[in-house]
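Ready for some practice in reading a protein model? Look at the sequence and structure below, then work through the exercises step by step.

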Amino acid sequence: MDVVLNAQGLTKTYGKGIDALEVLGGVSFTVGRGEFVSIVGPSGCGKTTLLFAMAGLQALTSGTVTFNGRVVTAPPRGVAVVFQDYSRSLFPWKNNRDNVAFGMARVEGLSSAQKRDKAQDMLEAVGLSGFGDRYPWQLSGGMQQRVAIARGLASQSELLLLDEPLAAVDAQTRADMQDLLLDLAMRFKQTCVLVTHDVEEAVYMADRVVVLTRRPTVVDHEIVIDLGKKRDQITTREDARFLAARHDVMTSIRTMRCAAPAKVA
Ligand SMILES: Nc1ncnc2c1ncn2[C@@H]1O[C@H](COP(=O)(O)OP(=O)(O)OP(=O)(O)O)[C@@H](O)[C@H]1O
């Protein structure tokens, strides 16, 4: 496997002394180029902490994250994040096209006009070609998150980190956006890591699911989702392999097994 991201022995303790909260207890996993990996775990186990550490936005107590073989100590060029709270991640004073173009701020070799054209292409890819001149606050929540996804893709990042990106949208929009994200990931051969507490979503989206324990969190186990890249909201969710994987992950999280050694299914 061509490893893009390698997390080894990640620990994180917030606070000190009596207030210390050991969140990550030694998390290790890898992400291969072109893979879609979901990370799922019990509520409050440290999923966001882990994602922020991968993005270079969160200092660790110990352990290392490497991106393309380089230790991550600050947000690396080549990693983009789509946050859950799109209302705070989009600039209300910029129109949607300029919000997407902002994702290319660190892309070299493109003129402003080329960035605007590319932003328009990305808006089209997420089905919002007619909304470039509008502002985020003129769009529904699902549409705003599509702008944020377009911005993530426009940054031409090798790795897209998705922190519960669909948690704040309604159920129907959520299913549509799962398919949109999968389609975009396939089209752009985008390596993705999705953090979610939704087991069904984790399995539906991923080539591989990393299951976390509760705090102090380690990897309980990993499960390969052998369903091919193309998924379908109805047939995939009825597939025996999907149901078996869902059962496995759900059982693990419900029983909240503690610190078992990592294994790959
Ligand atoms: N900056 C911080 N300072 C202190 N404690 C923090 C900080 N950030 C997170 N925590 C605590 O660490 C624990 C893990 O938080 P985190 O948001 O990483 O988990 P999560 O799995 O993403 O949570 P959720 O399932 O609620 O989305 C929580 O108990 C949280 O209160």
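**Exercise 1.** By class, how many nonpolar, polar and charged residues does the shell around the ligand have?

*Solution.* Before we start, note that this is a predicted model, where local features need pLDDT of at least 70, side-chain atom pairs count only at pLDDT 80 or more, and totals for chains, interfaces and linings use all residues. Residues are numbered from 1 along each chain as its sequence is written.

Step 1: list the shell. Around the ligand (C-beta atom, placed from the backbone, within 6 Å of it) we find Y14, G15, L21, V23, S43, G44, C45, G46, K47, T48, T49 and H197.

Step 2: sort them. Ala, Val, Leu, Ile, Met, Phe, Trp, Tyr, Cys and Pro count as nonpolar, Asp, Glu, Lys and Arg as charged, and the others, Gly among them, as polar. The shell has 4 nonpolar, 7 polar and 1 charged residues.

Step 3: find the main supplier. Helix 1 gives the largest share, 3 residues; helices (H or I, at least four residues) and strands (E, at least two) are DSSP runs, numbered from the N terminus.

**Exercise 2.** In what order do the 4 strands of the open sheet lie?

*Solution.* Step 1: read the order, which is 2-1-4-5, with antiparallel pairing (two strands pair if DSSP finds at least two bridges between them).

Step 2: find the edges. Strand 2 (21–32) and strand 5 (70–71) each pair on one side only.

Step 3: check one pair. Strand 1 (residues 3–14) and strand 4 (residues 62–67) are joined in the antiparallel sense over 5 bridges, and T11 stands opposite S62 in strand 4.
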